[in-house]
Amino acid sequence: MSAISDTIAQAMHKITDDPKLQDLRPHMVVPDGSSQMTTDYGAKISDTDHWLTVSDGSSVGPALLEDQIAREKIHRFDHERIPERVVHARGAGAHGVFKVFDNRASKYTYAPVLTDASRSTPVFVRFSTVQGSRGSADTVRDVRGFAVKFYTPEGNWDLVGNDIPVFFIQDAIKFPDFVHSVKPEPQNEVPQGQSAHNNFWDFVGLQPESAHMVMWVMSDRGIPRSYRMMQGFGVNTFTLLNAGGQRHFVKFHWIPELGVHSLVWDEALKIAGQDPDFHRKDLAEAIHAGCYPKWTLAIQVIANEDEHKFDFDILDATKVWPEDLVPLQPIGELVLNRVVDEYFPEVEQVAFCTSHLVPGIGTSDDPLLQGRNFSYFDTQISRLGINWEQLPINRPVCPVMNINRDGKMQMKIHKTNLNYFPNRDSIVNPVSSERGGYVEFMEKVVGMKHRVRGAKFQEHYNQAQLFYNSLTPVEKEHLTNAFAFELSHCDDQRVYERYTQLLNHIDFDLAATVAEKVNGISPEKPAHQNHGKKSEPLSQFYYAPKTPTIATRRIAILVADGFNEAEVLAVRGLLAMAKATTWIIGPRRAKVKSADGQGLVADHSFEDQRSTMFDAFYIPSGAEHGKTLIGTGRAIHWIREAFGHCKAIGAVAEGVSVLNHALGLPEVKLFYSPDSDNVMTSYGVVTTGKYDFTSAAADVVRIAPGP
Ligand code: HDD
């Protein structure tokens with residue numbers, strides 16, 4: 001059994017005895033066909049369609065306030081909404097499990113969640129975008145949230161990270177300014193789900209510490225193909241405490257099994273309109289298909305005594321710890337294996353706190369993290385009330401016992417007359433560290449009280465340069481175009497001019513190109529010499545999957561009446577073996593006749609599911625079908641658009657003629673060898689004059705992930 005299917009089998013098994021699922025079960029309501037309708041106070045309802053009125057039956061009379069059933073329905077409706085998250089409002093979530101490979105992290109920590117390989121820790125993960133509101137689109141250019149709640153027997157541990165390893169600001173006190181600047185502007189609440197506006201670029205232009213993070217967001221990392229294909233980072237520096245009392249600084253990384261992949265900007269823009277729920281659906285589609293998204297958890301560790309050995313401050317969240325200086329150590333894996341049953345009680349009500357740590361894992365003096373540790377609890381009180389941790393999705397799977405009491409929506413009934421400590425019966429007592437009580441690392445702290453950050457926090461461009469230098473040429477081109485797009489949406493000259501000047505501190509060519517594109521200030525010489533250093537893992541290409549796979553990729557099969565059905569069925573079967581999903585796209589969502597069989601019902605038409613929704617497409621053979629596609633404008637546009645987005649393309653015989661027609665290459669015959677059955681490959685397009693089932697089967701089996 002392969003490693004992947006092994007994990008899936010384990011994950012499936014664990015679902016049945018997952019302690020969090022058992023905890024949630026009593027709260028699940030499963031109506032069946034015979035359920036009787038009642039009010040919230042349990043009285044059965046005889047009529048939910050007619051408000052109680054005074055009427056002789058032939059005309060409508062005044063409505064009566066006494067109608068408790070109608071009033072309850074309306075009251076409940078009026079109060080359905082709660083405040084959306086002030087940032088990260090739009091998101092999607094799923095349940096899963098986390099397991100460590102072995103106890104290799106025990107040199108650094110005694111937290112069993114990171115060291116006990118016999119454990120399967122249930123988790124809930126919420127992915128999100130930062131800027132847009134709850135109803136905004138998934139594929140916008142933005143940072144993605146990657147928040148993980150581990151339900152451990154030692155309490156909940158929340159690792160609230162992003163898909164980008166650094167942050168815009170160094171100190172939490174600036175967070176409200178940053179968020180105000182990136183959110184829709186106050187005078188008109190424009191724009192939604194975008195940072196392409198004056199206020200954002202004004203703020204970051206005046207805050208050079210954001211330069212590094214801005215580079216990441218303008219790179220392809222800002223437009224991931226899927227939540228399943230992005231890295232995650234704890235971003236802040238945390239600490240680990242081992243059984244010997246030694247402390248290490250740590251950064252957490254999530255590495256996706258499928259590799260890091262992005263959309264291209266034109267796709268991202270179009271999908272935002274064509275299917276705003278693209279990422280949300282993609283996550284559910286993969287889990288339903290049994291292709292469980294999976295990440296490796298890796299840690300970077302720095303010994304306590306080495307804190308000051310680097311030319312950057314390791315507590316500065318605008319800096320990465322370059323992997324060549326501090327290597328990644330893989331320690332475990334996360335698998336998402338269960339979709340939510342209901343969005344609101346799970347995804348909307350899940351609430352995270354960076355300060356929720358379990359023994360063996362600690363916070364650090366990172367000034368951004370310190371503020372976060374205050375902010376999250378506070379925001380949960382405002383969104384969900386002080387008893388938010390009693391909500392099913394937030395409740396730990398271990399016993400909770402203390403003298404915290406009351407507050408709105410208290411669910412617990414404590415059977416004791418003592419609600420303070422100490423008390424005459426010692427009903428609830430603190431626990432020593434030996435017996436699992438949380439203890440902080442004892443640290444000597446001496447200093448003056450003042451509002452400063454350390455000297456190394458003042459340097460802002462070295463790592464922005466390192467990131468830029470590490471990109472491949474195509475990534476650099478995308479990044480340059482992203483800057484141009486964003487700055488060209490700013491109409492305040494001071495804003496776009498200042499930012500082009502700032503770019504010149506990172507790279508002269510980048511600044512010059514962007515300045516030319518947006519009418520910014522063209523530099524004469526570099527404001528800061530680019531140091532020329534690179535770090536390979538900063539390019540997303542570095543994280544290509546170890547074993548190439550097409551699992552979960554969406555592949556369209558373009559057909560018109562007269563297509564070759566035997567060929568299509570064979571191709572579908574082969575792609576299904578490799579766990580890709582195939583979708584028949586035809587002139588209408590109805591039966592499309594084939595030349596040789598019953599025909600197939602198209603899943604969608606060219607009009608209603610555009611090429612942007614797919615990773616690849618294929619055009620089978622079939623004389624009539626080929627002629628019809630050539631004469632169908634929407635199909636031709638479909639092909640051109642997909643080719644422009646560098647999609648993988650396959651075609652056979654008449655399918656190749658369609659490609660040549662659509663791409664305007666008949667005289668070049670780039671994709672077509674009409675007299676030969678050889679397979680031809682160019683520009684990621686694979687064509688052949690005749691479909692060869694045997695070699696195709698061999699190809700697909702070669703890349704298939706499972707047995
Ligand atoms: Fe934050 C939500 C990630 C800095 C204050 N943040 C939130 C979420 C993620 C992050 C993933 C969504 C959680 C969910 O799905 O419910 N935030 C980060 C990262 C940061 C960061 C990686 C930098 C390292 N955040 C940050 C600062 C502050 C906040 C500096 C305040 C001082 N963040 C919040 C918040 C939110 C939040 C206002 C909104 C909703 C929530 O907490 O639960 O408290």
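Is K579 buried or exposed in this structure? K579 is buried, because 20 other C-beta atoms lie within 10 Å, and 20 or more are required for that class. The model is a predicted one. The protein chain has 707 residues, of which buried residues make up 42%. Its secondary structure comes to 20 helices and 19 strands. A ligand is surrounded by 26 residues, and helix α11 gives the most to that shell.

**Overall dimensions**

- The C-alpha trace of the protein chain spans about 95 × 85 × 60 Å along its principal axes.
- The radius of gyration of the protein chain is 29 Å, which agrees with the value near 27 Å that a compact globule of 707 residues would have.
- Among contacts in the protein chain with a separation of 6 or more, 73% are accounted for by residues 24 or more positions apart.

**Ligand surroundings**

- Of the 26 residues that surround the ligand, the closest are R85, H88, R126, G145 and V235.
- The elements β2 (121-129), β3 (144-152), β4 (155-162) and α11 (367-384) each supply at least two residues of the shell.
- The contribution of α11 amounts to six residues, the most from any element.
- Sorted by class, the shell holds 13 nonpolar, 10 polar and three charged residues.

**Helix α11: Y376 and R383**

- Y376 lies in helix α11, and an unreviewed UniProt entry lists Y376 under "binding site".
- Y376 is partly exposed, because 18 other C-beta atoms lie within 10 Å, short of the 20 needed for a buried residue.
- Leaving aside neighbours within four places in sequence, Y376 is in contact with F352, C353, T354 and S355.
- R383 also lies in helix α11.
- R383 counts as partly exposed, because it has 16 C-beta neighbours inside 10 Å, a count between the limits for buried and exposed residues.
- Residues up to four places away in sequence not counted, R383 touches I82, P83 and R85; R85 is also listed among the closest residues to the ligand.
- R383 and F312 are 71 residues apart along the chain, and their C-alpha atoms are separated by 37 Å.

**Helix α7 and the nonpolar cores**

- In soluble globular proteins, nonpolar side chains tend to be buried together.
- The largest nonpolar core has 144 residues, and those with the most contacts inside it are V123, L558 and F617.
- Helix α7 gives the most to this core, with seven residues.
- Another core lies apart from the largest one and has eight residues, among them A137, I223, I271 and A272.
- Helix α7 (residues 211-218) is mostly covered, with eight of its eight residues buried; these are A211, H212, M213, V214, M215, W216, V217 and M218.
- The buried residues of α7 pack against four helices, namely α6 (198-206), α12 (462-470), α13 (473-488) and α14 (493-503).
- L558 is in contact with I585, F617, I619, L629, A635 and W638, leaving aside neighbours within four places in sequence; F617 is itself one of the residues with the most contacts inside the largest core.

**Backbone geometry**

- Most residues other than glycine have a negative phi, and most peptide bonds are trans.
- The peptide bond from V190 to P191 is cis, with omega near 5°; P191 lies in the loop between α5 (175-182) and α6.
- F421 and P422 are likewise joined by a cis peptide bond, with omega of about -5°; P422 is found in the loop between α11 and α12.
- M409 is also found in the loop between α11 and α12, and it has a positive phi of about 60° although it is not a glycine.
- M409 is exposed, because 11 other C-beta atoms lie within 10 Å, and the exposed class covers counts of 12 or fewer.
- K579, a residue other than glycine, has a positive phi near 65° and is found in the loop between α16 (565-577) and β12 (581-586).
- Of these two residues with positive phi, M409 is exposed, whereas K579 is buried.

Technical notes. Residues are numbered from 1 along each chain as its sequence is written. This is a predicted model: local features need pLDDT of at least 70, side-chain atom pairs count only at pLDDT 80 or more; totals for chains, interfaces and linings use all residues. A residue is near a molecule or strand if its C-beta atom, placed from the backbone, lies within 6 Å of it. Ala, Val, Leu, Ile, Met, Phe, Trp, Tyr, Cys and Pro count as nonpolar, Asp, Glu, Lys and Arg as charged, and the others, Gly among them, as polar. Two residues are in contact if their C-beta atoms, placed from the backbone, lie within 7 Å. A nonpolar core is a set of buried Ala, Val, Leu, Ile, Met, Phe, Trp, Tyr and Cys residues joined through C-beta atoms within 7 Å. The radius of gyration is taken over C-alpha atoms; the globule rule is 2.2 Å times the number of residues to the power 0.38. UniProt positions are given in the numbering used here, feature names are shortened, and annotations may be inferred rather than shown by experiment.
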